[in-house]
Every structure is written in structure tokens, then in C-alpha cells.
Amino acid sequence: MSYPVDFGVLQVGLIVAIVVAVALLVSALVRMRRFGLRALLGRGTSGVVLLVAALLLLWVVTLVQTYLGLAGEVKAAHVVATPVAGQEHRMEVRVTLFGDDQHEERTETYQVEGDLWVLQANIVELEPWVNALGFHSGYKVTRLYGQRLDGVATAQNHVFLNGEDRDFFQDMDEGRWYTEPFVRSAYGNAVIATPGEFDVFISRDAIKTRPAE
């Protein structure tokens with residue numbers, strides 16, 4: 001499962017400022033015990049001002065980052081689907097799964113029965129406040145299969161792209177993915193498209209596709 005992170009320098013700087021402000025307040029309280037109330041007016045006042053300013057700025061950044069988390073998306077795959085010449089209801093599908101720091105990029109080609117290709121992903125939707133910290137929803141692209149336009153069921157088994165996902169759905173069935181207060185929901189989601197060249201994206205709560213530019 002991939003959890004893309006977008007934790008910026010600004011958030012780090014504000015957290016450092018909060019730590020410094022707390023340190024100033026603690027130092028002022030220690031000095032007050034030794035030198036009286038007057039010692040609190042120096043470092044204590046500076047610490048309070050810095051702490052309040054940092055908390056306000058962090059709150060504003062959090063609101064902005066929450067919006068970016070809700071609206072943002074990650075390019076997860078590239079798909080090129082081509083009908084097989086001379087064979088009805090059959091496509092050749094080349095799938096590129098983009099990597100990250102923990103996973104290498106992989107490209108594989110499959111023969112899929114159907115007139116439409118379907119790419120499925122497991123999604124763990126995080127709570128908005130977790131998105132605010134720079135974490136996107138977790139996802140894993142899991143299955144590729146086809147569908148026929150005439151509605152007839154295909155006889156081909158699904159292609160597993162990242163190993164079986166049985167454990168994921170068993171955990172979901174037993175409620176293990178609903179880990180409050182971090183996880184809002186967990187589920188499988190799929191995108192269906194005609195032959196062509198497409199980029200596949202994962203947003204906070206869905207998998208989607210657009211024609212490749």
C-alpha cells in the first residue's frame with residue numbers, strides 16, 4: 001500500500017517555532033522561580049507571542065493543505081489498450097505501474113478478454129485532518145480484467161498486478177481497516193475505459209483515468 005506524503009518545509013518550520021516557543025516558556029518559568037515574576041516578562045512574553053503566532057500560521061497552513069489533500073491526486077499508472085486484430089472481444093493491454101521510494105516502476109503486457117479494460121485499486125481513505133498533515137489516502141493497484149460491451153460475462157480470470165488482495169478485503173470485512181481516528185473507510189474501486197492510451201490517477205477517495213497527453 002502506498003501513502004504519498006506532501007509534508008512541506010513550512011510545516012516543519014512552524015513546528016520548530018512551536019518547540020522553541022515552548023522552550024522559552026519553560027525557561028521563563030524556571031527563571032521566575034529563581035528571580036521572581038519580573039523574569040517571566042522577558043522570555044515568557046516572547047515565548048507566548050511566538051507560540052500564538054506559530055499556532056495561527058500552522059492552522060492556516062493546515063486548512064490549505066487539507067484542501068490540497070482533498071483535491072489532489074497521484075498518477076499511479078499508464079495504460080495502453082489495443083484490440084487484437086482478427087479476434088473479437090480481446091485486447092492487448094500494456095500497464096505501467098509508477099513507483100515511489102519503496103517500489104520500482106514496472107511495465108507488463110497482458111491479453112485481456114473483453115471490449116473494455118478495467119483497472120481496480122484498493123483504497124484506504126484517511127480522515128481530513130490526516131490529509132492536513134500531508135498524507136494522501138493509501139492505495140494499491142491490484143487487478144486488471146475486461147468487460148464485454150454486449151454484457152456477456154467473460155471467461156477469463158482477473159489478472160493480479162500486485163499479488164492477491166484477499167487479505168485486504170478480509171481485514172475490511174472484520175473491521176480492521178476502520179482504525180479511528182486515522183482511517184475513514186477502506187474499499188475497492190475500479191475504473192473502466194475503452195481501448196486507447198490513458199493515464200490513471202488515484203485521488204483521496206477514487207481511481208480515475210484521462211486520455212494521455
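**Salt bridges and nonpolar core in a predicted model**

User: How many salt bridges does this predicted model contain?

Analyst: The count comes to eight salt bridges.

User: What makes the pair of glutamate 73 and arginine 210 a salt bridge?

Analyst: The N to O distance between their side chains is 2.5 Å. The cut-off is 4 Å, so the pair qualifies. Glutamate 73 belongs to strand 1 and arginine 210 to strand 9 (residues 207-211), so the bridge ties together parts 137 residues apart in sequence. A network of salt bridges links Glu73, Lys208 and Arg210.

User: Why is glutamate 73 called partly exposed?

Analyst: Its relative accessibility is 31%. Partly exposed lies between the limits of 20% and 50%, so the term applies. Arginine 210, at 36%, also counts as partly exposed.

User: How do you know that aspartate 199 and lysine 75 form a salt bridge?

Analyst: Their closest N and O atoms are 3.8 Å apart, and the rule requires a distance within 4 Å, so the pair is counted. Aspartate 199 is in strand 8 and lysine 75 in strand 1, 124 residues apart.

User: Is aspartate 199 buried or exposed, and why?

Analyst: Aspartate 199 has a relative accessible area of 11%. Buried means under 20%, so aspartate 199 is buried. Its partner lysine 75, at 41%, counts as partly exposed.

User: Which residues have the most contacts inside the largest nonpolar core?

Analyst: They are Val93, Trp117, Leu119, Leu144 and Leu161, in a core of 24 residues. Elements giving two or more residues to this core include strand 2 (90-97) and strand 5 (138-147). Among the residues that leucine 144 touches are Val93, Leu119 and Leu161.

Note on methods. Residues numbered from 1 in each chain as written. Predicted model: local features only at pLDDT ≥ 70, side-chain atom pairs only at ≥ 80, totals over all residues. Heavy atoms only, no water. Core = buried A, V, L, I, M, F, W, Y, C linked by side-chain atoms within 4.5 Å. Buried < 20%, exposed > 50% of the residue type's maximum accessible area, 1.4 Å probe, protein only. Helix = DSSP H or I, 4+ residues; strand = E, 2+ residues; numbered from the N terminus. Contact = heavy atoms within 4.5 Å. Lists of a residue's contacts leave out its neighbours within four places in sequence.
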